[in-house]
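Here is a model to be questioned term by term. Each answer sets a value against its definition and concludes.

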Amino acid sequence: MTTTITRRSRLHRKEQRAALAFVAIPVIGFLLFTLFPLLFSVYASFTNWNGISAPVFKGLDNYTKMFGDRYFLQSLWNTLYMMIGIPIGLVISLGLALAMNRKMRGTTFFRTVYYLPVISSIAAVAILWQWAFNGDFGLINQGLALVGIDGPNWLQDTATVKPALIIMAIWKGLGYSMLLYLAALQSVPRYLYEAAALDGATAWQQFRHITIPMVRPVTFFLIVTSIIGGSQIFVEINIMTPTGGPEFQSASIVWYIWQKAFDNLQMGYASAMSVVLGLLVFVITFIQFRLNRRNQFSID
Amino acid sequence: MSAQNVITTPPLEPAHEIPGGAGSGKPAGPGRAGRGSRSAKETLRLGNILTTLVLSVGAIVMIAPLAWTFSTSLKTKDGVFELPPQWIPDPFVWENYARIWTAGPLLSGIQNSLIVACSVTIVGSLTSALAAFAFAKMRMPFKNVLFLGLLSGLMIPFPTLMIPQFTIFASIGWVDTLLPLIVPGLFGNIIMIFFLRQFLNSIPDSIVEAARIDGASYLQIFWTLILPAIRPALAAQFILWFMAMWNDYLAPIIYLNSPGTQTLQLVIANFNAQYAIQTDYPLIMAASFVALLPVLIVFVVFQRQIIESIALSGSKG
């Protein structure tokens, strides 16, 4: 090994030096702003720390405390509960993608319209939906009144605050999954449908046995990314229900971490919760990588 | 220029093939084409009409909250509470859009958001592109280890890092300045490096080698050959990153306290908290609409590039 290195030309060493200089910037950024904070988070999670004075080592105290903390468990439950919207959104967006995958006028226009909420700022979207969910004068209840339903005070009612946030999340994310499904549908080879039609397969059978398996990688990708995104839901909670909602019914994990760390200055405890969140996301991502490798259907 | 076009073309072509007809702007998907032939023409037409109808209803649902925001922003303070609600405000109070500039630090919010988003995306795109060039086209020890290490950073959610990051920046006195939002981004963006590297992989190595033989330095090669070649991918990733920075909320809310340093998203959130008590909804909605508008315009203008690159990145994931 060493002999080959010494024999390498001056040109070669020059190339290595230039390459290292080019990658050095993001690598330093990674060390400073990802790796070091990550290790520090793990360390801080074993301490009692207010962010100002030195952390005091407490072992596993924060972790045992966490699983007896009613608010943590509630926010964990809320976060998981709000993921109900993921499968609902996927079904609707696949339907939309199928509809737009026809040769007809106006699909580009529809694609744009359905995509608008995706690119809209989540803060502005949360503000406008908070207004739309207003119990007396909001858009939603005005619409319900047209069909004779007396709508609830969505964001103040323990029974409706989570459904309200789910509806908003579906609305915001629909365009993205629709777009990915559309791209997947367009890459399904035409001859598969032609062959199936020749064999007398009905439209439903074609959908069930060709379309669904062919878009499976996208479905999988969307489920994983939505779970990762959903586990970090924060902005809409912070804006629409600034106190964590009625009886803490809409507080999410990240919202609770944020509150503990920056309002109550319990940074050690908040770090422990953030490590649990990080582990959760890591496991989901890892499973995605493993399963993706095994996946037979690839878009490439 | 023609030499650059030769470089640009090969990577673009497969990119267009993956999302099918998306390259032509109109999806030319197979749909249910295989089902019938001549006799089915009428059913196909009927199907198209029905589909358009369903999609139209859906489009109205999608657009309604945005339209409602705009409509509310033009009402009088009391007009908001009229029953049944007016979709078309009477009278039109364009004055609301004049009031927002004095009702809160909206202008400085826009400035701050622009400073953060522009500096991060311009410098960060350059550093990302340089790194992508090195990862794709240059020889270097531990190249794959370094690349995989960077990629692993994608698996760590920001909330896990935010507490130590905050204390780091607090210890050097950067809290309540824009620096904690800017500086990490200047070091590049792993997602961007990933996609640019993939894009560069489809460009033949011989081009770089030929330039080396001609005596060009690596920086010259990057500037004159690589940068023009990756332009389409770079532009798409740049726009996506810019919109993400513009819309960011969690990092700004951690670092910024005083009104003068806040970014636009924080300013409108504060509008919301402050003026809801005074039930001045037109003002809140006008400010929110102003915050939405730049990104909406960017999206409508660059629609095709954005949509294609998202469809592509998703299918690669």
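Q: What makes up residues 110-302 of chain B, helix or strand?
A: The span is 78% helix and 0% strand, and its end C-alpha atoms lie 21 Å apart. Helices here are DSSP runs of H or I with at least four residues, strands are runs of E with at least two, and both are numbered from the N terminus. UniProt, in an unreviewed entry, places the feature "domain: ABC transmembrane type-1" at these residues. UniProt positions follow the numbering used here, feature names are shortened, and annotations may be inferred rather than shown by experiment.

Q: What kind of model is this, and which residues count?
A: The model is predicted: local features need pLDDT of at least 70, side-chain atom pairs count only at pLDDT 80 or more, and totals for chains, interfaces and linings use all residues. Residues are numbered from 1 along each chain as its sequence is written, while chains are lettered from A and ligands numbered from 1 in the order in which they are written.

Q: How many helices and strands does each chain have?
A: Chain B comes to 15 helices and zero strands. Chain A comes to 15 helices and two strands.

Q: What does the record say about residues 75-288 of chain A?
A: The unreviewed UniProt entry annotates them as "domain: ABC transmembrane type-1". In the model this stretch is 72% helix and 0% strand, with end C-alpha atoms 25 Å apart. The record also lists transmembrane regions in chain A, including 112-132 and 268-289. Residues 112-132 of chain A are 90% helix, with ends 22 Å apart. Residues 268-289 of chain A are 100% helix, with ends 31 Å apart.

Q: How does chain A compare with a compact globule in radius of gyration?
A: A compact globule of 300 residues would have a radius near 19 Å, but chain A has 25 Å. The radius is taken over C-alpha atoms, and the globule rule is 2.2 Å times the number of residues to the power 0.38. The C-alpha atoms of chain A fill a box of roughly 65 × 65 × 30 Å along the principal axes.

Q: Why is Thr219(A) called buried, exposed or partly exposed?
A: Buried means 20 or more other C-beta atoms within 10 Å of the residue's own, exposed means 12 or fewer, and partly exposed lies in between, with C-beta atoms placed from the backbone. Thr219(A) has 18, so it is partly exposed. Thr219(A) sits in helix H12 (residues 216-230) of chain A. Buried residues make up 45% of the 300 residues in chain A, and 43% of the 317 in chain B.

Q: What makes the phi of Phe248(A) worth a look?
A: Most residues other than glycine have a negative phi. Phe248(A) is not a glycine, yet has a positive phi of about 65°. Phe248(A) lies in the loop between helix H13 (235-240) and helix H14 (253-262) of chain A. With 16 other C-beta atoms within 10 Å, Phe248(A) is partly exposed.

Q: What is the phi of Leu265(A), and where does the residue lie?
A: Leu265(A) has a positive phi of about 55° although it is not a glycine. Leu265(A) lies in the loop between H14 and helix H15 (267-294) of chain A. Its 14 C-beta neighbours inside 10 Å make Leu265(A) partly exposed.

Q: How many residues of each chain are in the contact between chains A and B?
A: The contact takes 91 residues from chain A and 89 from chain B. Two residues are in contact if their C-beta atoms, placed from the backbone, lie within 7 Å. Helix H2 (residues 10-44) of chain A gives the most to the chain A side, with 21 residues.

Q: Why is the largest nonpolar core said to lie between two domains?
A: A nonpolar core is a set of buried Ala, Val, Leu, Ile, Met, Phe, Trp, Tyr and Cys residues joined through C-beta atoms within 7 Å. The largest has 159 residues; among those touching the most other members are Ala123(A) and Phe133(B). Helix H9 (residues 161-186) of chain A gives the most, with 16 residues. Domain 1 (2-66) and domain 2 (70-294) of chain A both give residues to this core, so it lies between them. The domain bounds come from an automatic or database domain assignment.
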